[in-house]
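Work through these exercises with the model open beside you. Try each task before you read its solution.

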Amino acid sequence: MTVVHRIAVLALEGVAPFELGMPSRVFGNARSEDGGALYEVTVCTADGRPVNSDAGFSVGVTAGPEALAAADTVIVPPTHAMPGLLRGEPLPRTLAEALAVIRPGTRIVSICTGSEVLAAAGMLDGRAATTHWEHAPEFQRAFPRVKLDEDVLFVDDGDVLTSAGVAAGIDLCLYLIRADHGTAVANRAARLCVVPPWRDGGQAQYIDRPVPEPTVATTTATRAWALERLADPLTLAELAAHARMSLRTFTRRFRDEVGMTPVQWLTVQRLEVARQLLESSDLPVDLVAHRSGFGSANSLRQHMRAALGISPIAYRRTFRPGSPVPVGA
């Protein structure tokens, strides 16, 4: 029988509607193999009463702080109605009392400036965290005890996770599904939401990528072409030739559009394929390495340790407990 994970999403006064609805949509699309729901998402407020959103309409709920007390995960979306938190003002009493009922060991998650609420509650003291890059300087001044990293999409600090603005919240939700139930479930949830299945948390928050003029060639088609050939030893020259650009132009345009070099991008895509194979199959590591384009088990091990800090076998055991160690691993 599938154990349903209970999530409470705390709607604050001045909440941003998009981020408020995001967890219900993403986690609601996470299903077991037999189609059963893996998460139960409840939207609540600190006192059970409606709150006003920052979009001009009110949000009615059916739950109050009791949902926080019963939750396995609590998610705090952003609000624009508490600017005083960045000036050192305390949390409103009702909100502080509501946060106090959260059980020890509950997973706490913030989206965007929801991190300010966690920081004001002391939940981020001495911990690594992130927030929206635009608010980072004020955040750091207001909460000097927080180990702020303003350059990443999200930070996993064990039972407390924080994300940057808007889309980074989707990335973190998918990351949690993946951590809880593996790649296949997370990828299906992403497909149903029509969003990319994975962006590494350490990816930069903000990269200035000018939109190409309509008459300017892009690298989009070449990236799609490369994704179908990741097992092949693709070279930069082959990629540039496919895009019908010089090496220099292709590399510059690729970085402008993607935020990383072609080689870095290929490595990220190949790691994603390797992770999926490790999670979903008992293929020997050397065959996983071949199919994902790393060529050898040693190369795959080196890249996984560098990017994830873990070996292929250890990764497989984490996501597939009890799986046998295949011959050739």
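The exercises below deal with a predicted model.

**Exercise 1. Salt bridge across the chain**

Task: Find the salt bridge between R107 and D180, and state how far apart the two residues are in sequence.

Solution:
- Step 1. Use the cut-off. A salt bridge needs a side-chain nitrogen of Lys or Arg within 4 Å of a carboxyl oxygen of Asp or Glu.
- Step 2. Check the distance. The side chains of R107 and D180 meet at 2.9 Å, N to O. This is a salt bridge.
- Step 3. Place the partners. R107 sits in strand 6, residues 107-110, and D180 sits in helix 6, residues 167-181. They are 73 residues apart, so the pair links distant parts of the chain.

**Exercise 2. Buried or exposed?**

Task: Classify R107, D180 and R248 as buried, partly exposed or exposed.

Solution:
- Step 1. Recall the limits. Buried means under 20% relative accessible area, and exposed means over 50%. Partly exposed lies in between.
- Step 2. Take R107. Its relative accessibility is 14%, so R107 is buried.
- Step 3. Take D180. Its relative accessible area is 31%, so D180 is partly exposed.
- Step 4. Take R248, in helix 10 (residues 247-258). Its relative accessible area is 71%, so R248 is exposed.
- Step 5. Add a distance. R248 and T42 are 206 residues apart in sequence. In space they are 51 Å apart, C-alpha to C-alpha.

**Exercise 3. One arginine, two partners**

Task: Which salt bridges does R178 form with E272 and E279, and which helices do they link?

Solution:
- Step 1. Start with E272. Its closest N and O atoms with R178 are 3.1 Å apart, in a salt bridge. E272 lies in helix 11 (residues 262-280) and R178 in helix 6, so the pair ties together parts 94 residues apart in sequence.
- Step 2. Go on to E279. The side chains of R178 and E279 meet in a salt bridge at 3.6 Å, N to O. This pair also links helix 6 with helix 11, and its residues are 101 apart.
- Step 3. Check burial. R178 has a relative accessible area of 4%, so R178 is buried. E279 has 10%, so E279 is buried. E272 is buried as well.
- Step 4. Look at the total. The structure holds twelve salt bridges.

**Exercise 4. Two helices side by side**

Task: Describe how helix 6 and helix 7 pack, and which residues meet.

Solution:
- Step 1. Read the geometry. Helix 7 covers residues 183-193. The axes of helix 6 and helix 7 are 7 Å apart, at an angle of about 150°.
- Step 2. Name the arrangement. Angles over 145 degrees count as roughly antiparallel. Helix 6 and helix 7 are therefore roughly antiparallel.
- Step 3. Give the handedness. Helix 6 passes helix 7 in a right-handed crossing.
- Step 4. List the contacts. Helix 6 brings L174, I177, R178 and H181. Helix 7 brings T183, V185, A186, A189 and A190.
- Step 5. Sort them. Six residues of this contact are nonpolar, two are polar and one is charged.

**Exercise 5. Around helix 7**

Task: Which residues of helix 7 are buried, and what do they pack against?

Solution:
- Step 1. Pick out the buried residues. In helix 7 these are T183, V185, A186, N187, A189, A190 and C193.
- Step 2. Find their neighbours. The buried residues pack against helix 1 (17-28), helix 6 and helix 11.
- Step 3. Look past the end. V194 follows helix 7, and its phi is positive, near 55°.

Technical notes. Residues numbered from 1 in each chain as written. Predicted model: local features only at pLDDT ≥ 70, side-chain atom pairs only at ≥ 80, totals over all residues. Heavy atoms only, no water. Helix = DSSP H or I, 4+ residues; strand = E, 2+ residues; numbered from the N terminus. Buried < 20%, exposed > 50% of the residue type's maximum accessible area, 1.4 Å probe, protein only. Axes fitted to C-alpha atoms, helices over the stretch in contact; angles between N-to-C directions. Parallel < 35°, antiparallel > 145°, perpendicular 65-115°, else oblique. Left-handed = near helix turned anticlockwise from the far one by under 90°. Contact = heavy atoms within 4.5 Å. Nonpolar A, V, L, I, M, F, W, Y, C, P; charged D, E, K, R; others polar.
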